[in-house]
Amino acid sequence: MKIKFLFVLLSSYLCFGQYKTEKTIQLYSIDQYVKTVNNLSTEAALELVSRISKSASIKNKNVSIALLDASGTTILLLRGNGVGPHNTEASRRKAYTALSTKTPTLLLLRNSEKNPDTKNLNSLPELLLLSGGMPIWYKGEIIGSVGISGGGSPENDDWIAQSASIPEVGITTTK
């Protein structure tokens, strides 16, 4: 009799243990809180430096080059032979300005000169409204930026910065 009673008692626990009465309700999606960000890689930065250097050589220029990732972290900073030391920091700040504003710095400079409300942009510590900074895009997202200094003119710096592209894989300086 005791064995039957224990068997009945244990079998009810086993049945209830197999039956899940609660439904899991997911209140939050991880996509609400965590986003994957595409970033310019070191390998891409090295390839871009090669392409930028070739473009600069067409103009017979040595330039300083700064490449930043999507967060504004410097991936690569290169001072061209014979280029003044101030150009290295200028390149980094041009790249940061282009990244931060998602705008080529020559365009930003020209637009700010036309609008009295934006002339003070140059007073922000990290922004530098000089030509030669370009955002770098991949599939409509900014993945980094480039800054060029030492090209001899605003147009040269801008033209050389535009060569920071690997179009065959979709990395460009245009959105």
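## Contacts and overall fold

Two residues are taken to be in contact when heavy atoms of theirs lie within 4.5 Å. With that meaning, and leaving aside neighbours within four places in sequence, Leu 108 is in contact with Thr 97, Thr 101, Thr 103, Leu 121 and Leu 129. The structure described here is a predicted model, and the values given below are to be read as computed from that model.

The chain has five helices and five strands, and these follow one another along the sequence in the pattern α-α-β-β-α-α-β-β-α-β. Of the 175 residues in the chain, 37% are buried, while the accessible surface comes to about 11,300 Å², with 57% of that area belonging to carbon and sulfur atoms. Among contacts between residues at least 6 apart in sequence, 66% join residues that are at least 24 apart.

## The largest nonpolar core

The largest nonpolar core holds 21 residues, and those that touch the most other members are Leu 48, Ile 52, Ile 65, Leu 67, Ile 136, Val 146 and Ile 148. Two or more residues of this core come from each of helix H2 (42–58), strand E1 (64–69), strand E3 (133–138), strand E4 (141–149) and helix H5 (154–161), and H2 gives the most, with six residues.

Two of these core residues show what surrounds them. Leu 48, when residues up to four places away in sequence are not counted, touches Leu 40, Leu 67, Ile 136, Ala 164, Ser 165 and Ile 166. Ile 148, counted in the same manner, touches Ile 52, Val 63, Ser 64, Ile 65, Ser 91, Lys 94, Ser 131, Gly 132, Asp 157, Ile 160 and Ala 161.

## Strand E4: Ile 148 and Ser 149

Ile 148 is placed in strand E4, where its relative accessibility of 0% means that it counts as buried. Its C-alpha atom lies 9.9 Å from that of Arg 79, although the two residues are 69 residues apart in sequence.

Ser 149 is also found in strand E4, and with a relative accessibility of 1% it likewise counts as buried. The C-alpha atoms of Ser 149 and Asn 87 are separated by 5.3 Å, whereas along the chain these residues are 62 residues apart. Asn 87 is also one of the contacts of Ser 149, which, once neighbours within four places in sequence are left aside, include Val 63, Ser 64, Val 83, Ala 90, Ser 91, Lys 94 and Asp 157 as well.

## The buried side of helix H4

Helix H4 spans residues 105–114, and its buried residues are Thr 105, Leu 106, Leu 108 and Ser 112. These residues lie on the same side of H4, because they cover an arc of only 160° around the axis. An α-helix has 3.6 residues a turn, so residues three or four places apart point the same way. What covers the buried residues of H4 includes helix H3 (86–101), E3 and H5.

Leu 108, in helix H4, has a relative accessibility of 11%, which is under the 20% cut-off, and therefore counts as buried. The C-alpha atoms of Leu 108 and Ala 98 are separated by 8.5 Å, and the two residues are 10 residues apart along the chain. Ser 112, found in helix H4 too, counts as buried at 4% relative accessibility. Leaving aside neighbours within four places in sequence, Ser 112 is in contact with Thr 118, Lys 119 and Leu 129, and its C-alpha atom is separated by 9.1 Å from that of Asn 122, which lies 10 residues apart from it along the chain.

## Lysines in loops and a charge over a ring

Lys 102, found in the loop between H3 and H4, has a phi near 55°, a positive value in a residue other than glycine. Lys 139, which lies in the loop between E3 and E4, also has a positive phi, of about 55°, although it is not a glycine. With a relative accessibility of 69%, which is over the 50% cut-off, Lys 139 counts as exposed.

A further lysine, Lys 59, has its charged end over the ring of Trp 159, 4.7 Å from the centre of that ring. As for pairs formed between aromatic rings, the structure holds zero of them.

Methods
Residues numbered from 1 in each chain as written. Predicted model: local features only at pLDDT ≥ 70, side-chain atom pairs only at ≥ 80, totals over all residues. Heavy atoms only, no water. Core = buried A, V, L, I, M, F, W, Y, C linked by side-chain atoms within 4.5 Å. Buried < 20%, exposed > 50% of the residue type's maximum accessible area, 1.4 Å probe, protein only. Helix = DSSP H or I, 4+ residues; strand = E, 2+ residues; numbered from the N terminus. Areas by Shrake-Rupley, 256 points an atom, 1.4 Å probe, with all protein chains shown as cover. Phe/Tyr/Trp six-rings, centres within 6.5 Å; stacked < 30°, edge-to-face > 60°. Lys NZ or Arg CZ within 6 Å of the ring centre and 35° of its normal. Arc of directions from axis to C-beta.
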